[in-house]
Amino acid sequence: MTTVAEGAVKRLLASETTASLRTRYEGSNICTWIGFKHINYLVEEAILCHFADADLPARALYAEAGLGVDIVDLDTRILHALYMDETVQARVVPTAGDDDSFISFTVALHADRDGEDTKVVAANAKVVLRSDSYVEAAGEPPAELARFVTGRLSTPGAVAPEPPELTGADLTAVTTSLSAGRGTSGPDPVLDLLTAGKNAFGWKWRIPYPYCHFSERLQMSSYLRQMEEVVDLFLADRGISVKTLLDERRWIPACPHSRIQILDEALMEEDLYTVYTVENVFKDFTYTSRMDCYVVRDGRLVPTATGKVTHGYALIENRRDWNLITFDERVSKALRGES
């Protein structure tokens, strides 16, 4: 693909599209409510439908032009709950400026609420086209798309965390455990450095191939999975695991906002170090946390992603209804890292 269909790029960058999408059964983990990860999957699917509607489907871009469609920045607010077996209308509006090196969109998901068309999700996303260098050289991209093409993933304008130096650290455990297992949240010299002096939890995890795409790199949807899982591990580490509070109180975590930015590439079978830090507990009603991901490469820590997530707790009233509640002392102290 050295050229693209006439008008395709104009449609990609200037035309709004609407897609009818259905929530995924897998995302209904508690009663019939859909979790934040699968809500973000709907946003991703809406963007891919937009590319296809512009005659620039992701498959053809990769197979014919060696360009991988990669979401590098995804910022999503959940305004109302979504449910199992629900169909939403996803409206995608391009927002890229004339000089931008990324393709940006707003995505709004609408659903029926008591007979009213209601916006239930609002998201902003940035997309780049990653030139393939793994299977074969991609060659020159179509001229109309060249400004969006990159040789390495990153989010323009994103601020990366400043990692500590590994100089002097005993990295024996790091070098001998690569690819040896699925990970640890226990003693590890790198995790110790990354969490020292912080209200934080660290997790080391080997990147498996099902979390990757285009043969080599971790994708945005997998960072969403990472964010969900590190929260689960953090809560268990603090003695308030998801199942514990479900069994004792019928409380579930509720997530109204998440954002993830890719800073660099993380590759298949590398060890990913994920640090989850509670930054603020607001009036014992919501708490905001930061997720930072790193790999050890050439003897130094390389930040590969950073994110923010907000959580509250909801009380399950019955199989249909829930209400947000205030944290009690036990939960509040656990989140703050107090004994």
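Start with the whole protein chain, coloured by secondary structure: eight helices and 16 strands. The radius of gyration is 21 Å, close to the 20 Å the globule rule gives for 339 residues, so the chain is as compact as a globular protein of that length. Turn the C-alpha trace along its principal axes; the spans are about 65 × 60 × 30 Å.

Now colour by pLDDT, since this is a predicted model. The chain averages 93, and 94% of the residues score at least 70. Select residues 175-180. Here pLDDT stays under 50. The model gives this stretch seven contacts beyond four places in sequence.

Next, display contacts. Of those in the protein chain with a separation of 6 or more, 71% join residues 24 or more positions apart. Then colour by burial: 49% of the 339 residues are buried.

Switch on the surface. The chain exposes about 15,700 Å², with carbon and sulfur atoms supplying 48% of that area. Add the charged side chains, 35 positive and 50 negative. The centres of the two sets lie 4 Å apart.

Finish at one residue. Select β4 (67-78) and β5 (87-94), then zoom in on the loop between them, where D85 sits. Is D85 buried or exposed? It falls in between: D85 is partly exposed, because its relative accessible area is 49%, and the exposed class begins over 50%.

Show what D85 touches. Leaving aside residues up to four places away in sequence, its contacts are R22 and T23. Draw a C-alpha to C-alpha distance from D85 to T23: 6.0 Å in space, across 62 residues of sequence.

Technical notes
Residues are numbered from 1 along each chain as its sequence is written. This is a predicted model: local features need pLDDT of at least 70, side-chain atom pairs count only at pLDDT 80 or more; totals for chains, interfaces and linings use all residues. Side-chain values use heavy atoms; hydrogens and water are left out. pLDDT is the predictor's confidence in each residue, from 0 to 100. Contact means heavy atoms within 4.5 Å. Helices (H or I, at least four residues) and strands (E, at least two) are DSSP runs, numbered from the N terminus. The radius of gyration is taken over C-alpha atoms; the globule rule is 2.2 Å times the number of residues to the power 0.38. Buried means under 20% relative accessible area, exposed over 50%, partly exposed in between (1.4 Å probe, protein chains only). Accessible areas come from the Shrake-Rupley method with a 1.4 Å probe; for residues, only the protein chains shown count as cover. Lys and Arg count as positive and Asp and Glu as negative; His and the chain ends are not counted. The place of a charge is taken as NZ of Lys, CZ of Arg, CG of Asp or CD of Glu.
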